[in-house]
Every structure is written in C-alpha cells, then in structure tokens.
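Work through the exercises below with the sequence and the structure side by side, and try each task before reading its solution.

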Amino acid sequence: MSTRLPFLYIKTTNGRGRGVFTAQEIPEGSHIESCPVLVLSEEGTTLIHQTKLHDYYFLWGDEGESAIALGFGSLYNHSSEANADYEMDIEMESLEIIAIKDIQPGEEITINYTDGEFHETELWFEEK
C-alpha cells in the first residue's frame with residue numbers, strides 16, 4: 001500500500017527535472033512516504049539502461065536486480081547533503097522515505113544516492 005504525507009507535491013527544479021517538495025514542515029524522524037516497488041530481474045536491469053528509466057531505478061537485492069519505486073519514490077532528487085533517507089524493505093517490496101533533518105515548507109526533499117548497502121558508490125551524473 002502506498003502512503004505519503006498529504007502535503008507533498010511535484011515541482012520542476014532548476015536543471016534537475018522534477019522533484020518532490022513539501023507544503024508543510026516535516027520534523028526530523030517523520031515517515032514521509034511508503035513506496036511500493038516493481039522489481040526487475042538482472043536481465044530487466046540490463047535492459048533498463050537502454051531506456052529513460054535508467055535515471056529512475058534503485059539497485060535491489062543481491063542478485064543484480066533493480067526496482068522502480070511507485071508513488072513519488074523515483075522522483076526524489078539526489079543531494080550529498082540530503083534531508084531524507086530511504087530504507088529498502090526487500091521482503092515487502094517497498095521503499096520507505098524518512099526525514100533525517102527538519103524540512104521546511106517549500107523545501108525540496110532529497111536523498112543521497114550514494115550511501116547505504118545497496119547504493120551506487122559513484123554518481124553517474126554531475127551533482128548540481
């Protein structure tokens with residue numbers, strides 16, 4: 001089941017496409033969104049690199065799989081100074097977005113793509 005705070009919204013950002021923003025303050029430690037994911041096999045992961053979805057997937061599991069997060073999940077932009085983090089629930093096939101700092105109204109919610117067990121160690125784009 002997908003759940004998210006009701007005051008989140010999508011907005012175009014400068015040079016980064018769309019991003020997820022909040023209309024109300026989100027205190028540190030708050031659960032922002034629970035996103036179901038579509039898990040792709042290793043073969044599907046290889047194929048995704050030939051599509052626009054390449055910029056929107058998460059590494060998943062330990063068998064070369066990947067996942068596309070539904071809800072707003074695949075639209076959270078990267079920041080090395082992120083204000084949110086994500087936790088993968090492999091068994092339940094979901095991605096949980098959690099505030100790691102207080103997030104102010106109008107602020108973009110960002111995650112760090114390079115931290116954690118299943119994340120890429122290097123960015124495949126120039127950070128803005």
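**Exercise 1.** In this predicted model, determine in which sense S2 and strand S3 pair, and over how many bridges.

*Solution.* Strand S2 and strand S3, the latter made of residues 17–22, pair in the antiparallel sense, and six bridges join them. One of the bridge partnerships can be named: Thr-13 has Gly-17 in S3 as its partner. The next step is to place the two strands in their sheet, which is open, has four strands in the order S2-S3-S10-S7, and shows mixed pairing. The edge strands of this sheet are S2 (8–13) and S7, each of which pairs on one side only.

**Exercise 2.** Find out how many aromatic pairs there are, and classify each by its geometry.

*Solution.* The count comes to two aromatic pairs. In one of them, Tyr-9 and Phe-21 are stacked, with 5.9 Å from centre to centre and 25° between the planes, an angle that falls under the 30 degrees required for stacking. This pair links distant parts of the chain, since Tyr-9 belongs to strand S2 and Phe-21 to strand S3, twelve residues apart. Tyr-9 counts as partly exposed because its relative accessibility is 29%, whereas Phe-21, at 6%, counts as buried. The rings of Phe-58 and Tyr-86 have centres 5.1 Å apart and planes at 70°, so this pair is edge-to-face. Phe-58 lies in strand S5 (residues 57–60) and Tyr-86 in strand S8 (residues 84–89), so the pair ties together parts that are 28 residues apart in sequence. Phe-58 counts as buried at 10% relative accessibility, and Tyr-86 is buried with a relative accessible area of 8%.

**Exercise 3.** Identify the ring over which the charged end of Arg-4 sits, and the ring whose face Lys-11 lies over.

*Solution.* For Arg-4, the ring is that of Phe-72, with the charged end 3.8 Å from the ring centre. For Lys-11, the ring is that of Phe-21, and the distance to the ring centre is 4.8 Å.

**Exercise 4.** Decide whether Ser-74 is buried or exposed, and describe its surroundings.

*Solution.* Begin with the position: Ser-74 is found in the loop that runs between strand S6 (65–69) and strand S7 (77–78). Its relative accessibility is 12%, so Ser-74 counts as buried, the cut-off being under 20%. Now turn to the side chain of Ser-74, which has a polar atom 2.8 Å from the backbone oxygen of Tyr-56 and also reaches the backbone nitrogen of Ala-69 at 3.1 Å. Finally, when neighbours within four places in sequence are left aside, Ser-74 is in contact with Tyr-56, Phe-58, Ile-68 and Ala-69.

Notes:
Residues numbered from 1 in each chain as written. Predicted model: local features only at pLDDT ≥ 70, side-chain atom pairs only at ≥ 80, totals over all residues. Heavy atoms only, no water. Buried < 20%, exposed > 50% of the residue type's maximum accessible area, 1.4 Å probe, protein only. Polar contact = N/O pair within 3.5 Å; in protein donor to acceptor, adjacent residues only side chain to side chain. Contact = heavy atoms within 4.5 Å. Pairing = 2+ DSSP bridges. Phe/Tyr/Trp six-rings, centres within 6.5 Å; stacked < 30°, edge-to-face > 60°. Lys NZ or Arg CZ within 6 Å of the ring centre and 35° of its normal.
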